[in-house]
Amino acid sequence: IHMLVRYRKNYEKIAMGLLSFMPNEKDLKQLQQTMKNYETNDDWQLFLWKQEEDFIGIIGVIVREHAVEVQHISVNPSHRHQGIGKQMVKALKELYPNKSLCANDMTAPFLDKCEQ
Ligand code: COA
């Protein structure tokens, strides 16, 4: 009873809350710009992790020709160390089976950890 759900405008507040745990999204102006990118650019895609009735994680990507680049990955602090981060990465791979997954500087440490 958990899955990735594509972002919708209704989820804006919860999405911003989850994204704000990223080290590079602490500034509100930056965070608003990021939300705008996800809302307006077709290649920017945002997904929330729904467990029961709660949204407890978020993963955001840029879909490129051959690869999906993870821009953001974050889990609610109360739900960390339970494998949710890893499950989101796995679910994302299943969503884009024909593309490889890659990271940016902000997400590489955790994605490298997932590859181990
Ligand atoms: N870099 C490298 N490895 C990390 C990490 C990081 N920033 N954060 C956590 N890990 C590793 C730890 O070794 C941890 O192992 P432990 O539970 O034995 O301590 C393991 O990932 C946990 O895996 P999992 O349970 O699948 O991840 P999670 O659901 O706790 O979520 C994050 C992991 C990174 C999404 C979460 O810690 C988070 O939201 N951090 C703040 C946002 C952030 O910094 N995102 C970018 C990370 S590069």
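The following legends describe close-up views of a predicted model.

**View 1. Helix α2 and its buried side.** Helix α2 comprises the 13 residues 28-40, and because a rise of 1.5 Å a residue should give a span of 18 Å, the distance of 18 Å between its end C-alpha atoms agrees with the expected value. The buried residues of this helix are L31, T34, M35, N37 and Y38. They cover an arc of only 155° around the axis, and they therefore lie on the same side of α2. K29 and T40, by contrast, are exposed on the other side of α2. The elements that cover the buried residues of α2 include α1 (12-19), together with the strands β2 (44-51), β3 (54-63) and β4 (67-75). An α-helix has 3.6 residues a turn, so residues three or four places apart point the same way.

**View 2. Helix α1 and the surroundings of M16.** In helix α1, the residues A15, M16, L18 and L19 are buried. Their arc around the axis is only 165°, which puts them on the same side of α1. The cover over the buried residues of α1 includes α2, β2, β3 and β4. M16, which has its place in helix α1, has a relative accessible area of 18% and counts as buried because the cut-off for that class is under 20%. When residues up to four places away in sequence are not counted, M16 touches L28, L31, Q32 and M35. Between M16 and T34, which are 18 residues apart in sequence, the C-alpha to C-alpha distance is 9.2 Å.

**View 3. The packing of helix α3 with helix α4.** Helix α3 (residues 84-95) packs with helix α4 (residues 108-115) at an angle of about 80°, and their axes are 10 Å apart. At this angle, α3 is roughly perpendicular to α4. On the α3 side of the contact are G85, K86, V89 and K93, and these meet F110, L111, K113, C114 and E115 in α4. By character, the residues of the contact of α3 with α4 divide into four nonpolar, one polar and four charged.

**View 4. A103 in strand β5.** A103 lies in strand β5, which is made up of residues 100-103. With a relative accessible area of 29%, A103 is partly exposed, because this value falls between the cut-offs of 20% for buried and 50% for exposed residues. Leaving aside neighbours within four places in sequence, A103 is in contact with E69, V70, A108 and L111. A103 and Q71 are 32 residues apart in sequence, while their C-alpha atoms are 6.8 Å apart in space.

**View 5. Two loop residues with positive phi.** Most residues other than glycine have a negative phi. E52, which is found in the loop between β2 and β3, is a residue other than glycine with a positive phi, the value being near 55°. H81, which lies in the loop between β4 and α3, likewise has a positive phi without being glycine, and here the value is near 60°. The relative accessibility of H81 is 85%, and H81 therefore counts as exposed, a class that begins over 50%.

Terms used. Residues are numbered from 1 along each chain as its sequence is written. This is a predicted model: local features need pLDDT of at least 70, side-chain atom pairs count only at pLDDT 80 or more; totals for chains, interfaces and linings use all residues. Side-chain values use heavy atoms; hydrogens and water are left out. Helices (H or I, at least four residues) and strands (E, at least two) are DSSP runs, numbered from the N terminus. The expected span of a helix is 1.5 Å times one less than its number of residues. Buried means under 20% relative accessible area, exposed over 50%, partly exposed in between (1.4 Å probe, protein chains only). The arc is that of the directions from the helix axis to the C-beta atoms. Contact means heavy atoms within 4.5 Å. Axes are lines fitted to C-alpha atoms, for helices over the stretch in contact, and angles run from 0 to 180 degrees between N-to-C directions. Angles under 35 degrees count as roughly parallel, over 145 as roughly antiparallel, 65 to 115 as roughly perpendicular and the rest as oblique. Ala, Val, Leu, Ile, Met, Phe, Trp, Tyr, Cys and Pro count as nonpolar, Asp, Glu, Lys and Arg as charged, and the others, Gly among them, as polar.
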